[in-house]
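Ready for some practice in reading a protein structure? Take a look at the sequence and the model, then work through the exercises below.

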Amino acid sequence: MRRVKRLNLEIRVQSYLSKRQKQANQKLIKGSLDTTTEWKNARQTKTIEKVLKALQAMMGDRQRCMYCLDSHGSDIEHFRPKAAFPKRMFRWRNLLLCCSECGRLKSDSFPVDGKKPLLIDPTKEEPWLHLDFDPQTGNIVPRFNPNTMTFSEKGEQTVITLQLDQREALAAGYKKTFKNLSEEIRHFLDNPDNSIDELIAKLQEKDEHGLLGWIFLGTGSFVNPFNELQSTNPSVWSACASAFK
Ligand SMILES: [Zn+2]
C-alpha cells in the first residue's frame, strides 16, 4: 500500500455525482432505493467511466489497486460500502480504485470503532503508520507500537479484511520489490560517490508496492541494508527520506 494523492474531478463530473447522490437520497427517503441497481445503472454511463479514469490517473501508468498495489485496479470501489452508507455512494471522496481480488475479499465489510473506520483509506492517511512488512514472508502485517505494546487496530482490521497476510501472489510481488530496492541500496553502498538524484529516481522506479513508505516512515529503517544506509550515509538517507514525504 502507499499514500495516494486524490485528484480533483472535472466540475461537470463532480456535478453529475452530486445530482445522482441527490436522486439516491430522495429514493432513500421514499424507501425505494436499491443501491445495487442504482449503482449498476450509473456505472454504465460515460460520466461514471470518467470517474474510473480519474481514479486510474491517481495511480499513474501502472493503474494498480489502491489497497494491494499488486494487481490492476479494474473497478470503482466504495470505501464505505454503498449498501450500509447509501448517502456516500456517489461521493468522490468515498471512491477508490480496486482489483477484483480485494473487491471480493472486502465485499460489504467495513470494520469500525464507533463511527471511526478501522480500514485504511490510502487517499487519506499514510498506510505504513498502521502496517508493517515482513521481508521473510512478504506478508503485510499490523504495525506494533512499542510505546503502547499493542498492534495498530486499524492495521489489524485492514490485514484481516483484505487478507494481506495470506495471499501468496501478493507476498511474492512484495518480496520482489523488497529485493529490487535492497539491491539498489547495496549498489549505492558499494559506490557511495554515485549521484543521489539517480539513486532516488531508481528507488522510485523500482518501488512497485509502496515499500519506500515502509522504509522511510515505517519500520523498514531498522532492516538491512536500509539501516546501513542510514547509519553510514545519514545525509543520503535524509535526502531520500525527504523525497518520499
Ligand atoms: Zn487489490
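## Exercise 1: The zinc site

In this predicted model, the donor residues of the zinc ion follow the sequence spacing C-x2-C-x30-C-x2-C. Find the donors, name the geometry, and explain what the site ties together.

**Solution.**
- Step 1: The protein donors are the SG atoms of Cys65, Cys68, Cys99 and Cys102, which lie 2.3 Å from the zinc ion.
- Step 2: The angles among the 4 donor atoms are 105 to 113°, and the site is tetrahedral. For four tetrahedral donors, the ideal angle is 109.5 degrees.
- Step 3: Cys68 sits in the loop between α3 and β1, and Cys99 in the loop between β2 and α4, so this pair ties together parts that are 31 residues apart in sequence.
- Step 4: Cys68 counts as buried because its relative accessibility is 0%, and Cys99 counts as buried at 3%.

## Exercise 2: A ring pair

Classify the aromatic pair of Phe85 and Phe110, and say where its two members lie.

**Solution.**
- Step 1: The ring centres are 5.4 Å apart, with 75° between the planes. Planes over 60 degrees apart count as edge-to-face, so the pair of Phe85 and Phe110 is edge-to-face.
- Step 2: Phe85 belongs to the loop between β1 and β2, and Phe110 to the loop between α4 and β3, 25 residues apart.
- Step 3: Phe85 is partly exposed at 23% relative accessible area, whereas Phe110 is buried at 13%.
- Step 4: Phe85 has another partner, as Arg80 lies over its face at 5.0 Å from the ring centre.

Note on methods. Residues numbered from 1 in each chain as written. Predicted model: local features only at pLDDT ≥ 70, side-chain atom pairs only at ≥ 80, totals over all residues. Heavy atoms only, no water. Donors = N, O, S within 2.8 Å, 3.2 Å for Na, K, Ca; no water. Tetrahedral: all angles 85-135°; square planar, octahedral: opposite > 155°, others 65-115°. Helix = DSSP H or I, 4+ residues; strand = E, 2+ residues; numbered from the N terminus. Buried < 20%, exposed > 50% of the residue type's maximum accessible area, 1.4 Å probe, protein only. Phe/Tyr/Trp six-rings, centres within 6.5 Å; stacked < 30°, edge-to-face > 60°. Lys NZ or Arg CZ within 6 Å of the ring centre and 35° of its normal.
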